[in-house]
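Here is a short set of exercises to work through with the model open beside you. Try each task before reading its solution.

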Amino acid sequence: MNSRIYYTKPSITELEVEYATDAARNGWGDRCYEYIERFEAAFKTHLGVKYAIATSSCTGALHMGMAALGIGPGDEVILADTNWIATAAPIVHLGAKPVFVDILPDSWCIDPELAEAAITPRTKAIVAVHLYGNLCDMNRLLAIGQKYGIPVIEDAAEAIGSIYHGKGAGSMGKFGSFSFHGTKTLTTGEGGMFVTNDPEFYETVLTLSNHGRARGQTKQFWPDVVGFKYKMSNIQAAIGYGQMQRINELIERKREILKFYKEHLKCLDGVSMNPEPERTINGAWMPTVVFDQQTGVTREQLQSLFKSENIDARVFFHPLSSLSMFEDKEVNINSWNIPTRAINLPSYHDISQQDLSFVIDCVSHKLQILPKC
């Protein structure tokens, strides 16, 4: 049997190790925030935003941002049914209700028309999740938000490197959040980033991020509100700072892998992958293949095939409304149907051309999909 082909793992070089070692040896006392500040500054520059706060997770960034918006019991937050639970969890923790709407069949992101239709007097926010590097229709969502006076939140956990009409994913809404989990294009092992262009909102979240201690508070150990502890460690930030020196290289490699898959699978009838509409750039975090219903290919068939070939298969997200903890069992057609005939493809930075070709051979030949060109 061939060696295991993993779906994703990070690219760590001696540069990141050097910075992390320095943080471990010297990043204490007066230098305890040094790499956090460096990482935040580099990230702001890359994304083109005014403010950034490094966090322990993307979920933590979402939680603080939503809390700063005043989301609480009795409120509703609209989001796509196709998501990882990390997007919905902060809504529930704040006592609000997640309202799940269907996704578009091509981008697999939230359907703006259905989002607008779901707005009620209790709606406090719309979350735009840029799934697998694919981009939401931000112009439409932002217009809806402006029309109803509702903030649009960007969950860009999977979309570093994705660009919409010249603007980076995560930079367009009231605030954006990013993930640096070990599976992501840029990693700190665990970790995240909160970003915004709103100075007052930034100060509110900054206070919440430090146990409620305001930046201008002169009393030592005096919290002004009950806050959170979602701070990233200096050692994690050192790894992230090293990754930021390589960010263009990391994104470009992901895009190369997606392009390779697309070029070699484009002639298969009934097969589609991550889209890249006009005036967008897909950051290509997770190349994903979706099979049309007429192909007869199922998720279970794909999992079985990949397992037999020692390929690490990752399924398309299950609809959140199908999970036992949520009472409303909305059968959103695309969110419920697409995952049953889709799979995420291996795409780690150092994957070899031989392994990419092997995965393509499994998809194109062993599934016996007819060519269309």
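**Exercise 1. Aromatic pairs**

Task: In this predicted model, find how many aromatic pairs there are, and classify the one formed by tryptophan 84 and phenylalanine 317.

Solution:
- Start with the total: the count comes to 19 aromatic pairs.
- Next, look at the geometry of the chosen pair. Tryptophan 84 and phenylalanine 317 are 6.3 Å apart, centre to centre, with 15° between their planes. Planes under 30 degrees apart count as stacked, and that is the class of this pair.
- Now place the two residues. Tryptophan 84 belongs to the loop between β2 (76–80) and α4 (85–93), while phenylalanine 317 belongs to the loop between β13 (314–315) and α11 (333–337). The pair links distant parts of the chain, 233 residues apart.
- Check accessibility with the cut-offs: buried is under 20%, exposed is over 50%. Tryptophan 84 has 54% relative accessibility, so tryptophan 84 is exposed. Phenylalanine 317 has 10%, so phenylalanine 317 is buried.
- Finally, widen the view: both residues belong to one aromatic cluster, made up of Trp84, Trp108, Tyr132, Trp285, Phe316 and Phe317.

**Exercise 2. The surroundings of asparagine 83**

Task: Decide whether asparagine 83 is buried or exposed, and list what asparagine 83 contacts beyond its sequence neighbours.

Solution:
- Locate the residue: asparagine 83 lies in the loop between β2 and α4.
- Read its accessibility: the value is 2%, so asparagine 83 counts as buried.
- Follow its side chain, which reaches the backbone oxygen of alanine 80 at 2.7 Å.
- Set aside neighbours within four places in sequence; asparagine 83 is then in contact with Val129, Leu131, Phe317, His318 and Leu320. You have already met Phe317 as a partner of tryptophan 84 in the stacked pair.

**Exercise 3. Salt bridges across the sequence**

Task: Work out which parts of the chain are tied together by the salt bridge between arginine 4 and aspartate 312, then do the same for glutamate 116 and lysine 147.

Solution:
- For context, the structure holds 16 salt bridges.
- In the arginine 4–aspartate 312 bridge, the closest N and O atoms are 3.3 Å apart. Arginine 4 sits in the segment before α1 (14–26) and aspartate 312 in the loop between α10 (299–308) and β13, so the pair ties together parts 308 residues apart in sequence.
- Compare accessibility: arginine 4 is partly exposed at 35%, and aspartate 312 is buried at 17%.
- In the second bridge, glutamate 116 and lysine 147 bring their closest N and O atoms to 3.0 Å. Here the residues come from helix α5 (residues 112–117) and helix α6 (residues 138–148) respectively, so this pair ties together parts 31 residues apart in sequence.
- Glutamate 116 is buried at 14%, whereas lysine 147 is exposed at 59%.

**Exercise 4. The contacts of arginine 38**

Task: Identify the residue that forms a salt bridge with arginine 38 and the ring over which its charged end sits.

Solution:
- The salt bridge is with glutamate 34, the closest N and O atoms being 2.8 Å apart.
- Both residues lie in helix α2 (residues 34–47), 4 residues apart, which is about one turn of the helix.
- That bridge belongs to a wider picture: Asp22, Arg31, Glu34 and Arg38 are linked in a network of salt bridges.
- The charged end of arginine 38 also sits over the ring of tyrosine 35, 4.8 Å from its centre.
- With 32% relative accessibility, arginine 38 counts as partly exposed.

**Exercise 5. Reading a sheet**

Task: Find the edge strands of the open sheet of 4 strands, and name the residue in β14 that stands opposite valine 289.

Solution:
- Write down the strand order: β10-β12-β14-β13, with antiparallel pairing.
- The edge strands are β10 (271–273) and β13, since each pairs on one side only.
- Move to strands β12 (residues 288–291) and β14 (residues 342–344): these run antiparallel and are joined by 3 bridges.
- Opposite valine 289 you will find isoleucine 343.

Key:
Residues numbered from 1 in each chain as written. Predicted model: local features only at pLDDT ≥ 70, side-chain atom pairs only at ≥ 80, totals over all residues. Heavy atoms only, no water. Phe/Tyr/Trp six-rings, centres within 6.5 Å; stacked < 30°, edge-to-face > 60°. Helix = DSSP H or I, 4+ residues; strand = E, 2+ residues; numbered from the N terminus. Buried < 20%, exposed > 50% of the residue type's maximum accessible area, 1.4 Å probe, protein only. Lys NZ or Arg CZ within 6 Å of the ring centre and 35° of its normal. Salt bridge = Lys/Arg side-chain N within 4 Å of Asp/Glu carboxyl O. Pairing = 2+ DSSP bridges. Polar contact = N/O pair within 3.5 Å; in protein donor to acceptor, adjacent residues only side chain to side chain. Contact = heavy atoms within 4.5 Å.
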